[in-house]
Amino acid sequence: MIDSSIVSIIAGQPRTTSKLIAERFGKNHKDILRSIRELECSTNFSERNFTLTSEEVSQPRGGVRKDPIYFLTRDGFVFLAMGFTGKKAAHWKEQYISAFNRLEAAAFEKHKEKIRLSQSRKEGL
């Protein structure tokens, strides 16, 4: 079964987060953040596939702390996960790739439907 919570549509594109990757691969989030920062990819690739933002975390005594979190595209995930090894890592790589494929296919079908509707309207004019 494919876990649909590991990839979501964010800013119109299938993405996942560094936090979800840490949870699924059994790693500390701070280690995933460091791994992303230390990737030896081009600046252009990094800018297109890794978006740094923050997540507000409520504190027990009140107040809010902002923790860093990355949004990753499919390509960003693949680039990062290539370094993960072992059976558990292989399992989650497959799950993520399947989830990305499913969401991309759904987005493509939605796009095709918009084109069909647009063409139908033009023909009806």
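Analyst: A contact here means heavy atoms within 4.5 Å. The model is predicted. Among contacts in the chain with a separation of 6 or more, 59% join residues 24 or more positions apart.

User: What is the order of the elements from the N terminus on?

Analyst: The order is β-β-α-α-α-β-β-α-α. That gives 5 helices and 4 strands in the chain.

User: How do you know whether Thr16 is buried or exposed?

Analyst: Set the value against the cut-off. Buried means under 20% relative accessible area. Thr16 has 1% relative accessibility, so Thr16 counts as buried. Thr16 sits in strand E2, residues 13-17.

User: What does Thr16 touch, not counting residues up to four places away in sequence?

Analyst: Thr16 touches Ile6, Val7, Ile21, Tyr70, Phe71, Leu72, Phe77, Tyr96 and Phe100.

User: Why is Ile97 called partly exposed?

Analyst: Partly exposed lies between the 20% and 50% cut-offs. Ile97 has 34% relative accessibility, so Ile97 falls in that class. Ile97 belongs to helix H5.

User: What makes the nonpolar surface patch, and what is its area?

Analyst: Val78, Met82 and Ile97 make the patch, with an area of about 250 Å². Patch residues need over 30% relative accessible area. Ile97 has 34%, so Ile97 passes that cut-off.

User: What makes a set of residues a nonpolar core?

Analyst: The residues must be buried, of a nonpolar type on the list, and joined through side-chain atoms within 4.5 Å. The largest such core in this model has 24 residues. Ile21, Phe25, Leu80, Phe84 and Tyr96 have the most contacts inside this core. Helices H1 (18-25), H2 (29-37), H4 (74-81) and H5 (87-124), together with strand E4 (64-72), each supply at least two of its residues. H5 gives the largest share of this core, 6 residues.

User: Which residues does Phe25 touch, not counting those up to four places away in sequence?

Analyst: Phe25 touches Phe77, Phe84, Lys88, Ala89, Trp92, Lys93 and Tyr96.

User: How does the radius of gyration of the chain stand against that of a compact globule of 125 residues?

Analyst: The globule rule is 2.2 Å times the number of residues to the power 0.38. For 125 residues a compact globule would come near 14 Å, but the chain has 18 Å. The C-alpha atoms fill a box of roughly 60 × 40 × 35 Å along the principal axes.

User: What share of the chain counts as buried?

Analyst: 28% of the 125 residues count as buried. The accessible surface of the chain comes to about 8400 Å², and 51% of that belongs to carbon and sulfur atoms.

Notes. Residues are numbered from 1 along each chain as its sequence is written. This is a predicted model: local features need pLDDT of at least 70, side-chain atom pairs count only at pLDDT 80 or more; totals for chains, interfaces and linings use all residues. Side-chain values use heavy atoms; hydrogens and water are left out. Buried means under 20% relative accessible area, exposed over 50%, partly exposed in between (1.4 Å probe, protein chains only). Patches are made of residues with over 30% relative accessible area and no salt bridge: like charges are joined within 9 Å, nonpolar side chains (Val, Leu, Ile, Met, Phe, Trp, Tyr) within 5 Å. Accessible areas come from the Shrake-Rupley method with a 1.4 Å probe; for residues, only the protein chains shown count as cover. A salt bridge is a side-chain nitrogen of Lys or Arg within 4 Å of a carboxyl oxygen of Asp or Glu.
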